[in-house]
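Good morning, everyone, and thank you for making the time. Please take a moment with the sequence and the structure before I start talking.

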Amino acid sequence: MDSLSTLLVISQIPGIGANRLRILVSHFGDPAGVFEAPAREIASLEGFSRMLAVQIAHFSGSPHYDEARSFADRQLSRLTKAGARIVTYWDPNYPEPLKRIYDPPPFLFVRGDYTENDRYAVAIVGTRSPSEYGIAVAEQFS
């Protein structure tokens, strides 16, 4: 399993949000290192209880692991079909201004190229299931 797929799997562990995902991958160096780590080391990280650390350390042997792998495979397949890709927080192409916000997303789903001129671009981020009002406002804003 490649690091992108592993990152998506980790994101499916209950209790793992954007902040904890960034902490784990930054501490262990890459997504694969998270599953190789002992629960004791995970629990030593800020914001990780012993119970959550054990859950993470044993996730690859749990019944939910296969579901998370299927989720990752579906996401990567959808990206390929859409001609898109994922830019992770640790990727040099991840926008620096976005890294400085309070809770930056650990990965971005991107279609198209990011160039130097894009540093002044504005993005609209929303839900996959927008309300009619949300659609109308996004259209007006853009």
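I will go from the overall fold to the interior, and then to one part of the surface.

Please keep in mind that what you see is a predicted model. The protein chain comes to 8 helices and 2 strands, and if you read along the sequence, these follow the pattern α-α-α-α-α-α-β-α-β-α. The C-alpha atoms fill a box of roughly 50 × 30 × 30 Å, taken along the principal axes, and of the 142 residues in the chain, 32% are buried.

Turning to the interior, the largest nonpolar core has 29 residues, and those that touch the most other members are I10, I16, L24, I42, F48 and I56. Two or more residues come from each of α1, α2, α3, α4, α5 and α6, with α6 giving the most, namely 5 residues. As a general background, nonpolar side chains in soluble globular proteins tend to be buried together.

If we pick out F48, and leave aside its neighbours within four places in sequence, we find this residue in contact with I16, R20, I23, L24, I42, A43 and I56. Apart from the largest core lies another one, of 5 residues, which include Y89, Y94, L108 and V110.

Finally, the surface: is F141, in helix α8, buried or exposed? F141 counts as exposed because its relative accessible area is 61%, where the cut-off is over 50%. Together with V122 and I124, F141 makes a nonpolar surface patch of about 360 Å². For the chain as a whole, the accessible surface comes to about 9400 Å², and 52% of that belongs to carbon and sulfur atoms.

Note on methods
Residues are numbered from 1 along each chain as its sequence is written. This is a predicted model: local features need pLDDT of at least 70, side-chain atom pairs count only at pLDDT 80 or more; totals for chains, interfaces and linings use all residues. Side-chain values use heavy atoms; hydrogens and water are left out. A nonpolar core is a set of buried Ala, Val, Leu, Ile, Met, Phe, Trp, Tyr and Cys residues joined through side-chain atoms within 4.5 Å. Buried means under 20% relative accessible area, exposed over 50%, partly exposed in between (1.4 Å probe, protein chains only). Helices (H or I, at least four residues) and strands (E, at least two) are DSSP runs, numbered from the N terminus. Contact means heavy atoms within 4.5 Å. Patches are made of residues with over 30% relative accessible area and no salt bridge: like charges are joined within 9 Å, nonpolar side chains (Val, Leu, Ile, Met, Phe, Trp, Tyr) within 5 Å. Accessible areas come from the Shrake-Rupley method with a 1.4 Å probe; for residues, only the protein chains shown count as cover. A salt bridge is a side-chain nitrogen of Lys or Arg within 4 Å of a carboxyl oxygen of Asp or Glu.
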